[in-house]
Every structure is written in C-alpha cells, then in structure tokens.
Amino acid sequence: MEKEFQDYLNFHLEQTTKNFKKKNFRALIFDNKESAVEFLLNEVSKSESIGYGGSRTLQQIGILDLLRKEGYNLLDRNRDGISFEERSMIERQIFSSDIFISSANAISELGHIVNIDLWGNRLCAISFGPKRVYLFIGYNKITANLNEAIYRAKNVAAPLNAIRLNKATPCTKTGICYDCTTQERICGTMSIIEWCHPKDRITLLFIKEELGF
Ligand code: SF4
C-alpha cells in the first residue's frame, strides 16, 4: 500500500472508530485480516455458541473454516446437505447464541451500520439476541455519511450479492437497484444501527484491506 494512501486510510479509520466509540460501540483497527481473526479467537471460547450471517468477507478471511476445523461450537447454517427447515431452525437458534459474527453492507464514518437482508435474519441478530457481536469490515465499506451508506447498501452491495446469487433481477443486468418487484428480489429489510446497547455489545473490527461487497 502506498504511503499516501496509508495516511489517508489511517485518518479515515481513526475518525470512524472515534465516532463509533462515542456511540457505545467497541471499534478497533487491524492492519490485516490475520490479526483481526487472531483477535476474535482470543475473545471466544469453544464452549460458547457462535452464529454467523451470510458474508463474502467471512469467507475471504477464512474464519468459518477455521472455527469448523478447530472444533468451535458453530451454529452452522451453511453446512453441507442442510435442509431449508434445518437452516431456518438454526437461524432462530442464533438469536439466543453467545456470539454472532458477520460483516456489514455499509458503514458511515459518522457512526452508522447499514444492512439489507431478504428476511432480516442477519440484521436482526446484529441488533438483538446474541450476547456479543463482531463485525469484520474492509475499508471499502466505509462511506462519508448515512445517505452514502444507504446508497452503497442498495446500489453496490445488493446488486453484487444478486449477481453472486445469479438472480434474475434488474440490478444484475445494470448494477443499479431498481426497487424491483420480481420474486427473485433479495432485498426485503433494511436496518440502520446508530447506537450500541448495551455498551460494547457490538465490536467493529476495521481491517486495512478491501474485503467483501
Ligand atoms: S431491490 Fe431488486 S433491483 Fe434492487 S438491489 Fe434488490 S434485487 Fe436488485
């Protein structure tokens, strides 16, 4: 990474973490995904139940495979051969889990977390239920303010996820959200989290790498 970009990134990450801390969140900066993963492993024990939300970032940092391999108590909604019913049951169990890990669709530098889901399983678990939440955030998810974060969630993250899922929606052809009414639509619920209660329940792990959508 060029020094000028490092300085620029450090400035924005420091501003962002400062603003989130003022809003009761835990916010930390990591040079790379390996150090963020190591931090999480030092925070959780194998007796604690761990749920997770669908996330390209989690795949890229390798945390799910690591938790499976090391025998952590993962509530594994994506395990091989799982039925729709089993998956739905695990998604409900996650609301009473000890820990939830995920990423976010967009972050505002002023201290907002924006997410869009089909039926809200991920964004509900981030808001309420699991005792502790850890969100891994690549710098590419950070925007200047709430309006830009909503724009990013709708017009960057959602179309890329629709393309990833091979959906027959207008955004997969044009890369922009049309607020479609197709049965293939992947956007059903949007959340904005702008205050952490109880204090420090949500930890944001900002990583100096481009990760996820
Ligand atoms: S609402 Fe429809 S068009 Fe917009 S991002 Fe979601 S799936 Fe794509």
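# Exercises on a predicted model

Six of the seven residues of strand β7 are buried, so β7 is largely enclosed by the rest of the structure. The exercises below concern a predicted model, and they begin with this strand.

## Exercise 1: The sheet around β7

Determine which strands pair with β7 and in what sense, and place β7 within the open sheet.

**Solution.**

Step 1. The open sheet has six strands, in the order β1-β10-β7-β4-β2-β3, with parallel pairing. In this order, β7 stands between β10 and β4.

Step 2. In general, the strands of a sheet pair through backbone hydrogen bonds, either parallel or antiparallel.

Step 3. On one side, β4 (residues 99-102) and β7 (residues 132-138) are joined by four bridges in the parallel sense. For β7 and β10, the parallel pairing extends over six bridges.

Step 4. The edges of the sheet are formed by β1 (26-30) and β3 (73-74), each of which pairs on one side only.

## Exercise 2: The surroundings of Leu 135

Identify the partners of Leu 135 in the neighbouring strands and state its place in the largest nonpolar core.

**Solution.**

Step 1. Within β7, Leu 135 stands opposite Ser 102. In β10, its bridge partner is Leu 204.

Step 2. Leaving aside residues up to four places away in sequence, Leu 135 touches Ser 102, Ser 103, Ala 104, Ile 202, Leu 204 and Leu 205. Both bridge partners, Ser 102 and Leu 204, thus appear among these contacts.

Step 3. The largest nonpolar core has 49 residues. Leu 135 is among those with the most contacts inside this core, together with Phe 136, Ile 137, Leu 204 and Leu 205.

## Exercise 3: Helices across the sheet

State which strands are crossed by helices α1 and α2, and give the angles.

**Solution.**

Step 1. Helix α1 (residues 3-22) lies across β1 and β10 (202-207), and runs at about 160° to β1.

Step 2. Helix α2 (residues 33-43) lies across β1, β7 and β10; its angle to β10 is about 160°.

## Exercise 4: The shell around the ligand

Describe the residues around the ligand by class and by the helix that contributes most.

**Solution.**

Step 1. Of the 13 residues around the ligand, those that come nearest are Ala 158, Cys 171, Cys 177, Cys 180 and Cys 187.

Step 2. The shell comprises ten nonpolar, one polar and two charged residues.

Step 3. Helix α7 (residues 146-164) gives the most to this shell, with three residues.

## Exercise 5: Backbone features in loops

Are Asn 166 and Asp 200 buried, exposed or partly exposed?

**Solution.**

Step 1. Asn 166 lies in the loop between α7 and α8 (171-174), and its phi is near 55°, a positive value in a residue other than glycine. Because Asn 166 has 8 C-beta neighbours inside 10 Å and the limit for an exposed residue is 12 or fewer, Asn 166 counts as exposed.

Step 2. Asp 200 lies in the loop between β9 and β10; its phi, near 70°, is positive in a residue other than glycine. With 13 C-beta neighbours inside 10 Å, Asp 200 counts as partly exposed.

Step 3. Pro 198 is also found in the loop between β9 (189-193) and β10. A cis peptide bond joins His 197 and Pro 198, with omega about -5°.

How values were computed. Residues numbered from 1 in each chain as written. Predicted model: local features only at pLDDT ≥ 70, side-chain atom pairs only at ≥ 80, totals over all residues. Core = buried A, V, L, I, M, F, W, Y, C linked by C-beta atoms within 7 Å. Buried ≥ 20, exposed ≤ 12 C-beta atoms within 10 Å, placed from the backbone. Contact = placed C-beta atoms within 7 Å. Near = placed C-beta within 6 Å. Helix = DSSP H or I, 4+ residues; strand = E, 2+ residues; numbered from the N terminus. Nonpolar A, V, L, I, M, F, W, Y, C, P; charged D, E, K, R; others polar. Pairing = 2+ DSSP bridges. Axes fitted to C-alpha atoms, helices over the stretch in contact; angles between N-to-C directions.
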